[in-house]
Amino acid sequence: MGELKVFEHMQKHHYEQVVHFYDQYTGLKGITVIHDTTLGPALGGTRIWNYASEEDALVDCLRLARGMTYKAAASGLNLGGGKTVLIGDAAAVKSEAYFRALGRYVQSLNGRYITAEDVNTSTKDMGYVAMETDHVVGLEGKSGNPSPITGLGVFYGVKAGLQRKYGNADIENYSFAVQGAGQTGYYLIGYLLEAGAKKIYFTEISQKHIDRMKAEHPKVAFVAPEDIYSQEVDVFSPCALGGSLNSDTIPQIKAPIIAGSANNVLLDEDLHGRMIMDRGIIYCPDFVINAGGLINVYHELQGYNKDRAISDTAKIYDRLLEILAIADKEGVPSQQAAKIFAQQRIETIKNVRSNYISR
Ligand code: NAD
């Protein structure tokens, strides 16, 4: 992106607010971006990263905050999109005082932004943040580890993909290749097994996770990382890192459906989204089907109720079918259709709220 012209960028992509903050005493140095609060307060985690430059940090924060707007809107939540990035080496900067200083900045935004854990921050760190602000979710003893419910949301996404492709979503008829059996991949495999999956292949680079799968589910077959794409299965499920769908890997994929948890899994959203569509593969957009964790923490704001969080996560199934229908109707890649769907919801709700009522 050449030199970043912040106001031009904000105008073009409808950002509301960019906040820089620096705490003299703890060295806390960060940026909070609030993208869009039409639907509700902007929610997005706090990430600590040793960015090469301040501009890199800002660009990352802008991108991630906007992604959260789409994710929340496409998930039917009354939330906007935001994000915080803290610049530094996580191992060196973290302390109680550091996170309490962050909490005070979050509080100063008066509820326009709600934070949570993200890369290099934990529920324990958020406990310190919560000492200084009411606007933090994902706390210990509340909604808990998001990964099982994220895995469950992906499971419903997989089912919607199958329904769209075959007109039948009975898991026992189908086979699966799962890339990454860490947190979310591990739970997804569990749900697929429970539903009677015909065959599951998985790959991993962590010996610990390979051993866990072999011990707990010996029928799930291990394949080498480079062989996972070319498995003759119904669903390829990327649950490892971003960028794994690219010009090298997409031509190898034999599955007619792609549905996994990994964020930003398309290396180049436009190029690779279209490449997948042109190959006749159904792509279940990452931010739509991996939203279970967000839906789960959202319920903390309502007074946490696990059953309600689970039933809202199951709605990913119907939502994805709607999005895939938009993609067909408009002749666009499904990732783009998901953004159209999210934007339509934002516009519709904005209009619903346009009349005056006394409260
Ligand atoms: P994780 O680190 O627990 O699991 C990822 C696994 O992938 C690891 O075990 C790692 O060893 C493995 N892996 C990495 N590269 C690999 C490769 N080339 N081949 C095979 N295996 C490889 O992470 P996670 O929490 O399961 O998250 C996975 C993805 O889902 C990430 O992109 C994350 O951002 C996204 N996501 C997670 C959640 C959540 O609730 N945990 C929510 C939304 C999105």
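1. A good place to start is Glu204, which has a polar side-chain atom 2.6 Å from an oxygen atom of the ligand. Two more side chains join in: an N or O atom of Thr184 is 2.7 Å from a ligand oxygen atom, and one of Asn263 is 3.1 Å from a ligand oxygen atom. For reference, a polar contact is a pair of N or O atoms within 3.5 Å; within protein, one must be able to donate a hydrogen and the other to accept it, and residues adjacent in sequence count only if both atoms are side-chain atoms.

2. Please keep in mind that this is a predicted model, where local features need pLDDT of at least 70 and side-chain atom pairs count only at pLDDT 80 or more, while totals for chains, interfaces and linings use all residues. Residues are numbered from 1 along each chain as its sequence is written, and side-chain values use heavy atoms, with hydrogens and water left out.

3. Around the ligand there are 19 residues (a heavy atom within 4 Å), and Thr150, Gln183, Thr184, Glu204 and His209 come nearest. By class, this shell holds six nonpolar, 12 polar and one charged; Ala, Val, Leu, Ile, Met, Phe, Trp, Tyr, Cys and Pro count as nonpolar, Asp, Glu, Lys and Arg as charged, and the others, Gly among them, as polar.

4. Now to the domains, whose bounds come from an automatic or database assignment: domain 1 spans 6-68 + 79-129 and domain 2 spans 147-344. Five residues from each domain make the contact (heavy atoms within 4.5 Å).

5. What is the count of salt bridges between domain 1 and domain 2? The count is zero, taking a side-chain nitrogen of Lys or Arg within 4 Å of a carboxyl oxygen of Asp or Glu.
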